[in-house]
Amino acid sequence: MADNGYFKELNVVAAGPITHSPSTDTPIIGIDLGTSNSLVAIVDEDASSGIRVPRIIKSREGSNIVPSVVHFLADGSSEVGLSARRQRVRDAEHTVYSVKRLLGRGAADIEELRKNLPFNLEASSATNVRLQVGGKSYTPIEISAMILRELKTAAEDDLGRPVEDAVITVPAYFNDSQRQATRAAGRLAGLNVLRILNEPTAASLAYGLQRKRNGLIAVYDLGGGTFDVSILRLKDGIFEVLATNGDTQLGGDDIDQSIARWLESSVRSTHPHVDYSERDAKAMLLDIAEGLKIGLSTAETATAKVGSTPVTLTRDQLEELTRPLLERTRKPVESALKDAGLNLKDLTDVVIVGGPTRLTAVREFVRKLFEREPNFSMHPDEVVAYGAAIQADILAGNNREFLLLDVVPLSLGIETFGGTMSKLVPRNTTVPTMAKEQFTTYVDGQTKVAINVFQGERELVKDNRMLSEFVLTGIPPLPAGVARVEVTFLVDADGILNVAAKEIYSGVEAAIEVKPTYGLTDSEVERMLEDGMRNAEADRKAAKIVEARNDARTTLLATEKSLAQVRAALSADESQKIDALVTTLRNKMEGEDVDAIRIANQQLNLGTVHLAEVLMNQTLEKNVKNTPVNDLLKK
């Protein structure tokens with residue numbers, strides 16, 4: 001916690017949930033805001049049976065899906081959906097897609113994306129990304145809001161009344177910044193976002209409604225731009241997420257990129273002068289690649305033309321192209337199972353979700369990975385939207401049969417003295433949740449502390465990612481170790497974090513809703529978990545060294561302070577012995593031997609017992625001399 005003071009954990013308290021409330025009695029819709037396609041759904045009551053059933057609301061163009069594409073026209077207006085998608089090649093300069101991959105990301109996160117997307121990206125600052133479209137620039141939040149606004153309009157047209165409230169799904173591995181950006185897009189679209197729901201959780205809810213039974217389910221969700229795996233326990237209507245993992249930069253878009261690169265190499269000899277890095281050529285290749293991919297979901301071969309050159313792609317070739325990408329999903333699956341404390345044989349079901357799972361190559365990979373036939377009885381494109389609608393119906397009070405218990409994907413904590421991270425909310429903690437810890441100061445007369453909030457799995461903050469910081473001021477200038485600062489972490493049902501700090505004796509407090517301006521790159525997310533496991537022993541050792549040095553430093557400060565007051569009352573021999581013990585402890589603190597530091601610290605404590613007694617006697621004598629006789633009689 002910076003160098004404003006040493007904070008030491010004193011206690012932890014867990015508490016219950018915080019919920020959102022609908023703003024009005026208007027319908028609550030469920031939205032799957034996807035990288036490639038988006039959908040909106042609602043739960044209706046069947047007139048004949050009285051059973052509440054989710055349904056997809058058709059777009060204004062008459063389709064179940066709304067392509068997550070925005071095209072800007074010459075007059076400054078925009079169009080969203082199928083009509084916009086048709087402009088990806090015809091007018092690539094003014095067409096934006098796959099914007100979900102940019103939500104909550106900063107300048108350092110977009111370098112790889114910049115190479116693959118045919119529109120211009122710029123970092124307006126170290127923490128903000130903007131898209132250049134024609135002569136204007138837009139944030140990913142603004143583009144996403146346009147897509148959400150189109151879904152909202154479609155719902156209002158279908159229902160014949162205003163729609164204000166919504167549940168919006170996100171990848172389970174979206175970090176706090178990406179969730180905040182999604183919520184901001186919803187607000188910009190005129191929606192009151194009641195819940196940010198993890199996509200695999202939504203999918204499991206939809207499947208659970210269909211089957212209504214207990215079990216352990218793995219949800220393998222490969223979408224257009226992200227991959228998630230979640231392990232859930234279904235028991236008596238309660239959906240409890242046990243663990244989640246994933247890759248926020250892996251999905252159908254990457255398959256398209258692989259096919260596009262194959263296309264480029266296939267036709268380069270016949271079109272040697274074409275610059276395929278140019279915007280229009282890149283957009284054309286990606287469009288053809290997507291068409292070939294979709295074709296191979298139902299046929300053994302697919303054919304297209306690149307310019308005048310015909311090309312044919314087979315399922316076997318596609319399997320070769322996709323194998324490296326699918327292999328990247330293996331480690332998150334293994335990690336999620338390990339975190340849940342389960343083996344493959346413990347699972348009762350494997351559910352696959354997302355458009356790319358239509359591909360035979362994906363289904364075969366999942367079958368081998370989980371050693372069982374995956375369940376794809378529901379439409380892979382629509383199941384998340386169904387789940388979002390069911391959750392919306394639960395929030396509306398129409399369905400009390402189910403309860404969702406989701407988790408946080410990465411640990412949350414604060415920095416303490418010496419650069420260690422005190423984890424208040426460990427990863428895979430069920431949300432909503434609240435955790436409290438009490439800390440104390442290290443410096444005499446300290447009046448403020450900087451509270452640095454981190455996310456990650458390592459013991460030292462330098463290996464984790466800072467989310468936010470704020471300062472608690474107005475602490476009474478008490479001796480070190482006397483002040484009591486209570487830090488509270490509140491993670492709501494959307495996985496969004498609020499932090500508060502309060503000094504117990506004085507009542508001064510400060511709070512912040514953690515709003516990081518950019519998110520974690522997927523390489524950072526993967527590194528955090530892998531490093532956390534690989535370096536666990538080294539981290540524990542480093543943390544023990546920091547703890548031992550902190551304890552030793554406290555002893556040294558107390559000893560030096562006491563010596564300054566009573567050295568004259570000690571014999572020369574005792575004074576020299578204490579000085580020698582102080583020197584020994586200081587020398588040991590320079591090394592890495594935890595036991596040596598602790599032994600030297602213990603020896604100094606034992607060697608200063610008489611010093612403490614002399615100090616106490618002097619203090620008592622001083623107090624007696626300064627106390628009026630009448631007060632002594634009263635006592």
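**Exercise 1. Decide whether M378 is buried or exposed in this predicted model, and place the residue in the fold.**

Step 1. The relative accessibility of M378 is 14%, and the cut-off for a buried residue is under 20%, so M378 counts as buried.

Step 2. As for its place in the chain, M378 belongs to the loop that connects α11 (360-370) with α12 (383-395).

Step 3. A203 stands 175 residues away from M378 along the chain, yet the C-alpha atoms of these two residues are separated by 9.4 Å.

**Exercise 2. Work out which parts of the chain the salt bridge between R101 and D254 ties together.**

Step 1. Side chains of opposite charge can pair when their charged atoms come close.

Step 2. For R101 and D254 the N to O distance is 2.3 Å, and the criterion asks for a separation within 4 Å, so the side chains of R101 and D254 form a salt bridge.

Step 3. R101 sits in the loop between β8 (95-97) and α3 (111-116), while D254 belongs to helix α7 (residues 252-267), and the pair therefore ties together parts that are 153 residues apart in sequence.

Step 4. R101 and D254 are both buried.

**Exercise 3. Find how E592 and R549 are joined, and state how far R549 is exposed.**

Step 1. E592 and R549 form a salt bridge in which the closest N and O atoms are 3.3 Å apart.

Step 2. Because E592 lies in the loop between α15 (572-589) and α16 (594-607), whereas R549 is in helix α14 (residues 536-566), this pair ties together parts that are 43 residues apart in sequence.

Step 3. With a relative accessible area of 21%, R549 is partly exposed.

Step 4. In the whole model the count of salt bridges comes to 27, and D44, R55 and D158 are linked in a network of such bridges.

**Exercise 4. Describe the open sheet that contains β25 and β26, beginning with the order of its strands.**

Step 1. The sheet is open and is formed by four strands in the order β22-β21-β25-β26, with antiparallel pairing.

Step 2. Its edge strands are β22 (420-425) and β26 (465-473), each of which pairs on one side only.

Step 3. From one strand to the next, the twist averages 30°.

Step 4. Strand β25 (residues 448-455) runs antiparallel to β26 and is joined to it by eight bridges; I451, for instance, has F470 in β26 as its bridge partner.

How values were computed. Residues numbered from 1 in each chain as written. Predicted model: local features only at pLDDT ≥ 70, side-chain atom pairs only at ≥ 80, totals over all residues. Heavy atoms only, no water. Helix = DSSP H or I, 4+ residues; strand = E, 2+ residues; numbered from the N terminus. Buried < 20%, exposed > 50% of the residue type's maximum accessible area, 1.4 Å probe, protein only. Pairing = 2+ DSSP bridges. Axes fitted to C-alpha atoms, helices over the stretch in contact; angles between N-to-C directions.
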